[in-house]
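Trainee: I am new to this structure. Please take me through one part of it closely, the sheet.

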Amino acid sequence: MKNWLEPLPLVAILRGLTPEESVEVGHALVGAGFRMLEVPLNSPRPFESIRRLVDALGDDYLVGAGTVLDPAKVKDLADAGGRLVVMPHADVAVIRAAKQAGLYCVPGVATPTEAFAALAAGADALKLFPAEQASPAVLKAWRAVLPPHVAVMPVGGISPDNMAPWLAAGAGGFGIGSSLYAPGRPAGDVAVRAREFADAWQRHLDAKGSRA
């Protein structure tokens with residue numbers, strides 16, 4: 001996942017996206033620097049949206065599915081051209097199905113036990129979910145024991161204004177949901193919000209560079 005997490009390690013979570021708006025929203029996001037897009041499977045006709053995004057954006061962007069609860073859905077995702085499996089939980093059967101299909105997998109974890117089990121099953125990164133249930137202090141404790149190369153990405157309640165404490169604790173990126181995209185939100189509005197998140201990440205990089 002390292003190559004996909006640079007230079008902007010933010011995953012756009014497009015819950016509720018429709019196929020008809022998918023390409024316009026996709027272009028709004030990539031125009032702001034996003035390279036990873038996730039269409040949750042409880043969205044309308046998600047595999048059609050994924051196919052349209054893949055066709056429109058090409059191989060330079062990592063498009064996939066979120067809320068993947070069933071290993072059988074991994075094949076449907078691969079058939080649609082998706083390459084990223086994101087989950088709210090750490091079902092090792094889904095993780096293994098994703099890896100057997102040659103896809104990236106980012107499962108949701110809420111405890112160190114789940115985190116290590118997910119990594120043992122082949123997870124490429126970890127989704128700390130829901131982030132509202134944890135805290136930067138919890139993430140800092142996790143970072144003391146998790147492998148240094150594994151990105152932990154808080155998801156839930158993330159905004160441009162509250163990223164800094166998580167980054168200081170060792171977050172390797174974020175999943176961004178309703179504060180970025182919501183059903184019916186115009187693509188122009190999504191573009192503005194996407195740039196706000198990208199700018200917040202750049203401020204983090206600038207501050208990190210000034211301390212080096």
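Mentor: A term to begin with: two strands pair if DSSP finds at least two bridges between them. Keep in mind that this is a predicted model.

Now the sheet. Six strands form it, and it is open. Their order is 5-4-3-2-1-9, with parallel pairing. Strand 5 (104-106) and strand 9 (174-176) are the edges, and each pairs on one side only. Neighbouring strands are turned by 25 degrees against each other on average, direction ignored.

Start at strand 9. Strand 1 (residues 10-13) pairs with strand 9 over three bridges, in the parallel sense. There, Ala-12 stands opposite Ile-176 of strand 9.

Go on to strand 3. Five of its five residues are buried. Strand 2 is joined to strand 3 by five bridges, and the two run parallel. Met-36 has Leu-62 of strand 3 as its bridge partner. Between these strands the chain passes through helix 3, a right-handed β-α-β crossover. Helix 3 (residues 46-57) lies across strand 2 (36-40) and strand 3 (62-66). Its direction is at about 160 degrees to strand 2.

Strand 3 also joins strand 4, through two bridges, and these strands run parallel. Gly-64 stands opposite Leu-84 in strand 4. The chain gets from strand 3 to strand 4 through helix 4 (residues 72-79), and this β-α-β crossover is right-handed too.

Last, helix 5 (residues 92-100) packs on the sheet. Helix 5 touches strand 4 (84-86) and strand 5, and makes about 160 degrees with the direction of strand 5.

Key:
Residues numbered from 1 in each chain as written. Predicted model: local features only at pLDDT ≥ 70, side-chain atom pairs only at ≥ 80, totals over all residues. Heavy atoms only, no water. Helix = DSSP H or I, 4+ residues; strand = E, 2+ residues; numbered from the N terminus. Axes fitted to C-alpha atoms, helices over the stretch in contact; angles between N-to-C directions. Contact = heavy atoms within 4.5 Å. Buried < 20%, exposed > 50% of the residue type's maximum accessible area, 1.4 Å probe, protein only. Right-handed = clockwise from strand over helix to strand, strands pointing away.
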